[in-house]
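Here's a walk through one protein chain, from a helix and what packs around it to the cores and a bit of surface. Keep the structure open as you read.

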Amino acid sequence: MEGVDVSFQQNSQSPNLGNQSIQSLNNEHSRVHGSHSVVTFDVDSATSSNNGIFNGMSNKQILTEICKIIDNFDDPNEWFKNLYRNIDTELTRIPKGGWDIVTNVFNQKFNSNKSKKDIQNLYNQIKNRMISNKDGRNNQSELGLISDDYNMVTNVTLYENIKHELAKSIKMYCTDAHPKTYHHSLQSTKINYQVLNFINIIIKKDKISNEIKSLCDYIDVIYACQATYYSYIDQKKKNPSGNYFQSMQKKIDINKMKMELIENHDQNKIPDQRLVKLCKMNGIHSNDSQALQELKCKFEDKITNIETKLNKIKNKSLFSKVNYMFENNRKKFYRQLQNQNNIIGDNLNHDETLSFWNELWSQPNQSKDWTDLVNTFEPIQNNTNMCRERIKELTMKVINNLHFIKWKAPGNDFVYNFFIDKIDSLHDKLCDLVTEAILDPDSIPDKLYNGVTFLIPKVMVANKPDELRPITCLSNTYKIISKVMNFFLREICTLNDIISDNQMGARPGMSAKLQILVNKCLNQDNDNQLKTAYVDVKKAYDSIQHKYIHDILEKLELPTNIKKFINRMLALQKTTLKVGNCEIGTISILNGILQGDSLSPQLFILALEPLSRILNLKCDMVYTSDYGIGRNHLSFIDDIKLIANNQSDLNSLCKLTNEIFESIGLSINEQKSANNTGDIESFGDMVNDDIGYKYLGILEDSNNLFHENNKIAIREKVFGRVESICNSKLSAKNLFHAINEFAIAPLNYYLGIIDFTEGELEEFDKGIRRILAKYQITRRSSNMDRLYLHRKELGRGLQNIVEKNEIVSLNLAESLDGNLYFHTIWESEKTNNTSLGNIKEKIKYKYQMSDDEVNLNSLKIKQKEKRMNIIGSKQLHSKLFDDDDNIIDKVQSSLWLRKLNITPQEEAMLCKLQDRNMYFPGLNKKCPHCNQGKKTVDHLATYCGKMLNFDYKKRHDEVVRLIHYSKLIEFGINKCKKLNSHRMQKLVVNDRVKIKSDMEIVTTNKIDHNKPDLLIHDSKINEITLIEIGITNKDLLPRTETTKGRKYDLLGNELKLLHKGVKIRAVPVVITWDALVTKFFKKHLSLLGISLIGQAYIQYKVLKKTLESILIDVRGDYDVDIDNNEIFDE
C-alpha cells in the first residue's frame, strides 16, 4: 500500500483557477513525465485561441504579435495576465530570445526601465498566481501586483472582520489622532499571512493610498494596519488562564492530603470522618487495607500525571519563549547567553542622569577656530544623479531589504519594518513620499526627527550616569529616508575622493580586516620596529559640534537638498530618555550626532577627515618595502593608531592630533589609550606584553606583533559559545543558525589574518562536533558529512571551518591580488609565507585544480563534490542522495529542516532515520513482522505487508487528518482550535463547501475507484477537488505519483454528469517515507492551498510516524518526546 500524506495550511486562499491554468500545468507535467499528474475534465476554454492567425510565423514573430494584441491593457497586472494566457495557448513558453522583446515592449508601454530579470520575475509571479491563487508565499507581492478579486476570499467572515477592524483603526489613529502604543514583535512561525493579504486587498480595493498626502498620513495608516493585525491575534488568543497553574497545584495538594489521610489511618482506631467519606466516595471500606493501598497508589498516579503535564507545559513555554527571543531580539538573546545581564542599580538618580546627558547633548561646546581644518576641503567637482526615478529605485531597494531588520525597535512612529515591508499596497505611495522628502527636506515633519534613547547599563550594576550607554531608536520611516540620503552623500564622497586612504570605516569596499592587513604589512616590512600610539576618543559621536559639520558642508558646496536635510536633522533632533520603562525627560540634540542615524558614521568621518589631511601633510610617512603603501596613522571610524619610524615623529603626531581634537571639541581617553614606547608625550601607558593591546579586535604586543593569546582566546570563545548555544532551548534550525552566526561567523574576521594551520582548523571542527554529540544533537553512526551541507540540500547547515577558511582566504587573496592599490599586501603575504599567501597553492594541490580553475565558484563546487563523494562511498548514507534520474526536488524535500521549530535532538534522530544506519538487536536478520524480508530500515518503512493495516495506515491517516484540518480552517468552519484535538468527520458541510473523507461516492455507473481520501466540493466556484495521498519509497515515487494522479479519471467524468458545469481537479500528494518529493509536489500542494510550513509539517509527520514504527525493532535509546502540533495551533 502506498500510504497517503497530506499538507497542512494555516493561512491560505481557495483556488480560483480557470481550465486553461490547470491545462497548462498538465502540459508542463506531460513534457516531463509523459503523462498528466494533475487532471482536469473541463473542456471549455477560458480564452479563445488565435490558431490560424499565426500560421507560418516564427516563435519570435508570434510573440511580437501577441504583444501588439495585448497593447490595450493599461494595468501592468492585467497586461502580464493576458501575456501569459496567450503564451500558454500559442507558444507554451517564452521562446529563445523572447525575453528581450517582452522587456522592450513593457518598458516602452509603461515608461519604465526594468531589467530583463525584473520582467522575468514579474511574469513568473503572475503565472504562478494564475496557476495557484492559494500559495501562502504569494500572499505578498514585492511589486504590489495584488489581485483584489473577491472570489479569492474563502474565509469571508475573517475578511469582513478585518475590513471592519481596519476601518475602525484608521478612524482611531488617522481621524481622531488617538495616541499610539508599542506592540510586541512576532514569531515567524506564528505570522498569519492571510490577514496581511486581506489588509492589502482592502487598501487597494478602497483606494486608501489616495488619502495619504504626507509622511504623517502614511505613518498613521501603516500603524492602523499594524494595529488591525494585532487586534486580530489578540482575538485569537485564548482567554488568559492565569489560574491554571494554581488550580493544578490545588489538585496536587488535595491528592496529597488524601494520601496523608490513608497513611495516617490506624486500623485499630476509629477512622477519621474525612477518610470515611473518601472511602465511601470510592466504594471501599476503611477496614480494607488492600483497597486503601490501591486507592493511595491511584492518588500518587494522579499527582505524577499532573506534575508531568505541568512540566511539559513549562518546557513548551520555555522552548517557545527562547526561540521567540532569538528570532525577534537576537542581541538580547546573545547577551543573556553570555550572562551579560547588567542591571541598573537602585542608587541611580534620574535627575542627575538627565542633567548628565543634557549637559552632553543640549549644551553646545564653546565655538573654537576650526577655519584651518575646514579649509583643508575643496568644493566638490563631481555630483551625483538625484533624479526622481533613481531616488524611487533606491527607496524600493531599501524597502525590499527591510526583512533583514523586520523587528528592529521602532521610534516614535511605533511601526515595525515588518509591516512597512508586508503592506506592499502602500509601497508606491511611500516611494513617492520619500522622493519628495529627499528633494525637499522641508516636507519632512518635525516630529520624525524625534527619537527614543534607552540608557543601557555598561557594567554589572550601573549607579552613575556615565555607566550607561545610550541606544537611540529613531522612527523607522525616517530611517528609510536617512538611508537613501546617506547613499547619495557617500557616493559624492567616493566620486570626489573626499575621504583619505587612512580612513577605512564607513567606506564602500573597505573594512577593518583590510586595515589590519595594512597594519600588518607596514610592521613586517619595517621589521616590527615602528613606534606606535593607540588613540581612544572619549564620547566620540556625542562630542561633534553641529556648527563644525555645517561649515564642512558649506565648504564642500554639496547639493542644496543634502545640506538642508543634514542641517534640519541636526537642528531638530530630539530624544526622550528612558531608564528601564521610566521616561526621565526629553533633550534637544544641540551637540553630537545620534548613533541610531544612518548618516552619523558618514558625518563623523567627514568631521575627522581634516586630521588625516593635516597629519599626512605635516608628518613623515612609514612605507612598505616597495613604497606601495605609506601611512603615518590608521583610522577606522574613531579607532586611531599613530605609527612612526622614531620617537620624535611619534611625538609630533601625538601633538598635532591633540591640537586638532581640541579644535573640534574632541578629547582623548588617556586611560584607554596606549603606546609601545613608554614616552610621556605619547598617549596612554606602555603596552603590557603579557596582556597586549586590542586594536580592531586583534591583540598586539609592544613590537606590533600579533599576540600568541589570540588563538587561545579565539578557541575558547568559539567553544564556549557553542556550548552555551547547545545548552539553550533553541530549535534545531535556530541552533545551527546561532552557531554559525554567533560562534563561527566571528572567525571570518580572523581567517586570513592570523596564521592557523590546517590541523588547528580541523580541531575547531572536531571540538564543535564533540560538543554537539555531548548534547545528542548528532547521533552515533549518523552521516557527519551531511552536517555540513546546506539545509536546502538535505543537510543540517553547520559551517565547516576548514572549508570556510579556504573560501574566506581565497576571496581575500583574489581581492588583494586584483587590486592595484592593495597588491603590495598580497606580495608581502606571499614573501612572508603566510597561510593567506599560500592559499592558492594549497587549494590547487588539495583539489587537483589548475591555475585557471582556482576561483571562488570552482572552489565551492570542488568542496561540495568532495563531500558528496565521501557520502556516495557509504552504502547506507548514499541512498538518501542517490538521484540518477533527477526526479527528486532536494529543496522541497528539505522543507521540514528549514521551516519547522523542532528540537535539535529530535532532528538528529529523524536525520539518523534518513541515513538508515540503525542497529537492530538479535541474530535473526529477518523482519520480525512478516519473517520474509531482510530487517532493514527500508523494509520496515514501506515493504512489510504485516505492517500495512496498522503502522502504514496510521501514518497515512495522520496526513489525511492534517489536510482535512487545513481545509476546515481555509473555509472558516474549523471547530477545534488545536490540531492535536482535531478528529476527522466523514462529512462536513456549510453553505459554501462540502468535504467528504474516505466516503464512497455514489455514481450512475459502477466504478472501482470511487473512494478518494478527500473530496472537496466548493459550490461558490463550482469546483470539486479529489485528493489522493501516497506514502511510498524512492524507487516507486514517480510511478506512484502518476498513478495517483490518474486514479480518479472515471470518477471525475461521473461527477461532471452529476453536477452540471462543475470543474474537476484530481491532485495527488505523494511523498516517500524519508520525506523525499518530486519536482511536482510543490505545485500539487499549492493547488490545495497548502502553505510551505504546512508542507514541511507533512514531511515531519511522515518521518516521525515512520520512526515510531521502526524504533520498536531498533537497539538503543532513541527518545523522541516532542510533539509539534502546537506549531499550528494558531
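## Around helix H30

Just after helix H30 comes Asn-833, with a positive phi near 55°. Bear in mind that this is a predicted model. H30 itself covers residues 823–831, and its buried residues are Thr-824, Ile-825, Trp-826, Ser-828 and Glu-829. What sits over them? The cover for the buried residues of H30 includes helix H19 (512–525), helix H29 (801–817) and helix H31 (839–847).

One of those covering helices, H29, is also home to Asn-805. Is Asn-805 buried or exposed? Asn-805 is buried, because its relative accessible area is 7%, and the cut-off for buried is under 20%. Skipping neighbours within four places in sequence, Asn-805 makes contact with Leu-751, Gly-752, Leu-761 and Lys-842.

## The nonpolar cores

Now for the greasy parts. In soluble globular proteins, nonpolar side chains tend to be buried together. Here the largest nonpolar core has 129 residues, and the members touching the most others are Phe-419, Ile-566 and Leu-642. Helix H8 (residues 215–236) puts in the largest share of this core, with 13 residues. Domain 2 (156–234) and domain 4 (352–675) each supply at least three residues to this core.

Take Ile-566 and ignore anything within four places in sequence: what's left in contact with Ile-566 is Leu-489, Ile-549, Leu-553, Leu-599 and Leu-603. Apart from the core of Ile-566 there is another one, made of 74 residues, including Val-322, Ile-744, Leu-761 and Ile-801.

## Out on the surface

Not everything nonpolar is tucked away. Ile-343, Met-460 and Val-461 make up a nonpolar surface patch, and together they have about 290 Å² of accessible area. You'll find Met-460 in the loop that runs between strand S3 (450–457) and strand S4 (461–462). Why does Met-460 count as exposed? Its relative accessibility is 56%, and exposed means over 50%.

## The whole chain in numbers

To finish, here are some totals for the protein chain.

| Property of the protein chain | Value |
|---|---|
| Secondary structure | 41 helices and 22 strands |
| Residues that count as buried | 54% of 1130 residues |
| Accessible surface | about 50,400 Å² |
| Share of accessible surface from carbon and sulfur atoms | 47% |

There's one more number for contacts: take those between residues at least 6 apart in sequence, and 74% of them join residues at least 24 apart.

Note on methods
Residues are numbered from 1 along each chain as its sequence is written. This is a predicted model: local features need pLDDT of at least 70, side-chain atom pairs count only at pLDDT 80 or more; totals for chains, interfaces and linings use all residues. Side-chain values use heavy atoms; hydrogens and water are left out. Patches are made of residues with over 30% relative accessible area and no salt bridge: like charges are joined within 9 Å, nonpolar side chains (Val, Leu, Ile, Met, Phe, Trp, Tyr) within 5 Å. Accessible areas come from the Shrake-Rupley method with a 1.4 Å probe; for residues, only the protein chains shown count as cover. A salt bridge is a side-chain nitrogen of Lys or Arg within 4 Å of a carboxyl oxygen of Asp or Glu. Helices (H or I, at least four residues) and strands (E, at least two) are DSSP runs, numbered from the N terminus. Buried means under 20% relative accessible area, exposed over 50%, partly exposed in between (1.4 Å probe, protein chains only). A nonpolar core is a set of buried Ala, Val, Leu, Ile, Met, Phe, Trp, Tyr and Cys residues joined through side-chain atoms within 4.5 Å. Domain bounds come from an automatic or database domain assignment. Contact means heavy atoms within 4.5 Å.
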